[in-house]
Amino acid sequence: MPSVRKPTGDVRHISQFYESNWAVNLSSRFCPQCLAGDGSPVQGTYGGSWSLRWHLPFVFACTIHHRLLHSRCPSCGSSLARSYKRRATLITQPGSSHILHPLQCRNLVAGPNAGKPRPCGARLEQIEPRNLAALPEEDHERLIELQRRLDAMLSLRPAKNEDKQRPRGLSFQDLVHVAQLIKLSWPAGSNLAPSDALASLIDNHADSLHVELRTPQPRTTSRFSVLWAAPDDSAQCGALLLTAEAVLSEADSPAQLRALIRPMARFAFEHAPASACRSFFSRPGFSPALARAMVRHSHGFHAAGPWEYANLRVAARDCRFTAEEVPAHLPKSWYDAHFTDFADHVPGASLYTVRHLRRAASLKLVEMTQGGSWVQCAKALDIPESRARSALNKLRQQFGDSDLWSRFEANTERLAHHLDDLPQRINYAHRRRILAEWHMPRADWSDLIKDLPQARRLTARYGTALATVLVWTEATQSDYLLCPYIQSLRSSGADPDHLINEISQFFTPANRRGIRLEILRRIGDYAAAASAVCMHDGAAHKDGPLRDREQLVSGLCLSE
């Protein structure tokens with residue numbers, strides 16, 4: 001059964017809360033043949049027992065007698081055991097038990113000449129079987145078989161053939177949400193119904209609801225409970241559940257589930273009352289798979305607009321890696337392995353395109369592992385929102401209306417599989433925190449370039465400042481423009497542009513050679529040695545250009 005959540009502002013009465021979550025129907029369906037009894041003396045006198053299962057929205061048929069349940073008294077036309085003055089009752093009119101037989105209808109009807117209301121009194125076990133002429137035998141069999149599968153899911157003891165009876169991954173919660181989405185977006189999902197006759201049953205139920213929702217009424221949200229509750233009619237309820245089950249069981253992949261679900265979600269956004277959409281899409285409890293299928297995408301990412309529903313922006317996939325293990329700027333080796341060929345197909349690609357792709361790919365990896373909009377992903381990577389927006393806007397301009405966004409997602413998915421399989425991953429977020437205020441010790445810098453006279457002349461103006469930025473960039477795999485040292489220069493009123501120009505030469509392919517390439521190699525060794533110090537409890541190699549090991553460990557601990 002669906003998990004019970006606390007009532008929200010969408011319902012005003014406890015009965016509406018239970019019914020809108022398909023937890024229980026306060027009124028009871030019934031099978032006349034079951035009520036007729038088994039022929040024993042006690043059941044001959046009092047009739048067969050009323051089943052508690054008939055109060056469950058998922059129980060719409062009797063598999064023993066192979067028939068759909070009744071939901072209303074055929075005489076008074078009302079549902080049974082209705083709430084009285086907004087209060088639920090186990091037995092309607094308990095004070096008349098000495099007068100009424102247990103199988104008589106207890107609904108109150110108007111007395112003769114508009115007198116005092118009296119119980120209906122119709123015998124419910126004497127009802128003729130439901131007229132199934134309008135429902136083809138094949139569809140009737142489909143509904144009975146669905147009830148058997150649902151009974152297996154409801155059973156505390158799994159049946160021997162449960163694997164065959166129960167579609168893999170199917171849950172009551174998903175069934176409820178998909179059924180509600182079908183009603184909200186009807187007739188967008190009419191093509192998903194197993195037959196035209198079943199689609200017609202859903203149409204009869206949903207059409208009247210949408211008419212009611214569009215009728216001006218006093219400001220209230222409680223009327224949405226009629227949209228979320230299970231259909232009272234057994235045939236309509238079975239048809240809706242059968243269609244919802246078909247959607248969930250026939251989708252073999254997340255992409256296929258999205259192909260079935262997303263058109264209905266989009267139709268609901270565009271055609272259903274906005275208040276009804278808010279009532280549904282802002283609900284908690286969507287499974288990750290269903291939320292991924294419903295969420296709106298904009299240029300490869302979860303939409304970040306003010307009208308988007310945050311609870312739908314869940315992790316885009318099941319990842320073994322975490323957001324903290326994603327670098328803010330895709331490492332060159334990762335980019336070369338997964339995006340070089342892709343970039344060749346981007347119109348007007350340049351060095352800036354590469355930078356934008358490396359940033360966008362990191363944002364997408366974070367979305368995969370923790371969800372959220374690209375704005376939230378940028379925050380997780382310590383990337384300013386303006387920088388992230390600029391990169392995505394530039395890519396949107398270059399990608400245009402082509403399929404490059406879908407190919408970008410596919411390439412990032414392959415990279416995510418690679419990260420999942422890594423035996424050991426780096427905590428880049430921890431590195432960014434540790435290095436936020438770190439500066440290269442002057443002695444370490446002198447040792448690093450002591451046998452490179454050209455390096456002394458090349459870096460004479462900036463020295464340790466340049467080395468600080470290079471080590472931070474290498475260790476955190478971030479964009480050097482986002483280095484905290486450069487940001488601190490800006491905030492103090494200093495102009496870092498000349499320093500930035502010097503650093504950019506180290507990352508320009510035409511200048512990434514000779515002495516600059518050698519400095520970068522040594523910077524890489526320096527950062528790797530710092531990592532080794534922490535990973536081996538301070539047991540670093542004694543040889544090499546690093547001095548003051550204790551200061552290095554305390555100031556540059558790159559914990560993996």
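These are my notebook entries on pockets, ring contacts, one helix and some backbone outliers in a predicted model.

**Entry 1. Largest pocket**

I started with the open space. The largest pocket has a volume of about 950 Å³. I listed its lining and got 27 residues. His-329, Lys-332, Arg-358, Phe-507 and Arg-512 are the ones that lie nearest the pocket centre.

Next I asked which helices supply at least two residues each to this lining. They are H13 (332-338), H15 (351-370), H22 (464-476), H24 (497-507) and H25 (514-535). H15 gives the largest share, with five residues. I then sorted the lining of the largest pocket by class: eleven residues are nonpolar, nine are polar and seven are charged.

**Entry 2. Largest cavity**

I looked for enclosed space as well. How many cavities of 30 Å³ or more are there? The count is one. About 50 Å³ of space lies in the largest cavity. Its lining consists of Arg-262, Phe-269, Met-294, Val-295, Arg-296, Glu-308, Tyr-309 and Leu-312. Of the residues lining the largest cavity, five are nonpolar and three are charged, with no polar residue. I noted Phe-269 in this lining for the ring entry below.

**Entry 3. Aromatic pairs**

I counted the ring pairs and found 21 aromatic pairs. I took two of them for a closer look.

The first was Trp-22 with Phe-58. The ring centres are 5.6 Å apart and the planes meet at 50°, so the pair is tilted. Angles under 30 degrees would make it stacked and over 60 edge-to-face. Trp-22 is in the loop between H1 (14-20) and H2 (32-36), while Phe-58 is in the loop between H3 (41-46) and S1 (61-62); the pair therefore ties together parts that are 36 residues apart in sequence. I checked the burial of both partners. Trp-22 is buried, at 0% relative accessible area, and Phe-58 is also buried, at 0%.

The second was Phe-269 with Phe-281. This pair is stacked, with 4.5 Å from centre to centre and 20° between the planes. Phe-269 belongs to H10 (residues 254-271) and Phe-281 to H11 (residues 274-281), so the contact ties together parts that are twelve residues apart in sequence. Are the two rings' residues buried or partly exposed? Phe-269 is partly exposed, with a relative accessible area of 31%, whereas Phe-281 is buried at 0%.

I also followed ring pairs from residue to residue. They link Phe-301, Tyr-335, Phe-339, Phe-342, Phe-399, Trp-405 and Phe-408 into a cluster.

**Entry 4. Charges over rings**

Phe-301, a member of that cluster, has a further contact: the charged end of Lys-364 sits over its ring, 5.4 Å from the centre. I recorded another such contact at Phe-506, where the charged end of Arg-516 sits over the ring, 5.8 Å from its centre.

**Entry 5. Helix H22**

I returned to H22, one of the helices that supply residues to the lining of the largest pocket. H22 has 13 residues and spans 18 Å from its first C-alpha to its last, close to the 18 Å expected.

How many of the 13 residues of H22 are buried? Twelve are, so the helix is largely enclosed by the rest of the structure. Among the buried residues are Thr-464, Leu-466, Val-469, Leu-470, Trp-472 and Thr-476.

The residue following H22 is Gln-477, and its phi is positive, near 50°. I carried this residue over to the next entry.

**Entry 6. Backbone outliers**

My reference for this entry is that most residues other than glycine have a negative phi, and most peptide bonds are trans.

Gln-477 has a positive phi of about 50° and is not a glycine. It is placed in the loop between H22 and H23 (484-491). Its relative accessibility is 17%, so Gln-477 counts as buried; the cut-off is under 20%.

Which other residue did I note with a positive phi of about 50° although it is not a glycine? It is His-299, found in the loop between S5 (297-298) and S6 (301-302). His-299 counts as partly exposed, at 37% relative accessibility.

Last, I looked at a peptide bond. Trp-186 and Pro-187 are joined by a cis peptide bond, with omega about 15°. Pro-187 lies in the loop between H6 (172-185) and H7 (196-214).

How values were computed: Residues are numbered from 1 along each chain as its sequence is written. This is a predicted model: local features need pLDDT of at least 70, side-chain atom pairs count only at pLDDT 80 or more; totals for chains, interfaces and linings use all residues. Side-chain values use heavy atoms; hydrogens and water are left out. On a 1 Å grid over the protein atoms alone, a cavity is a set of points where a 1.4 Å probe fits but cannot get out, and a pocket is an open set with protein on both sides within 12 Å along at least five of seven lines; lining residues have an atom within 4 Å of a point. Grid points are joined across faces, edges and corners, and a volume is the space filled by probe spheres set on the points. Helices (H or I, at least four residues) and strands (E, at least two) are DSSP runs, numbered from the N terminus. Ala, Val, Leu, Ile, Met, Phe, Trp, Tyr, Cys and Pro count as nonpolar, Asp, Glu, Lys and Arg as charged, and the others, Gly among them, as polar. Rings of Phe, Tyr and Trp (its six-membered ring) pair if their centres lie within 6.5 Å; planes under 30 degrees apart count as stacked, over 60 as edge-to-face and the rest as tilted. Buried means under 20% relative accessible area, exposed over 50%, partly exposed in between (1.4 Å probe, protein chains only). A charge sits over a ring if NZ of Lys or CZ of Arg is within 6 Å of the ring centre and within 35 degrees of the ring normal. The expected span of a helix is 1.5 Å times one less than its number of residues.
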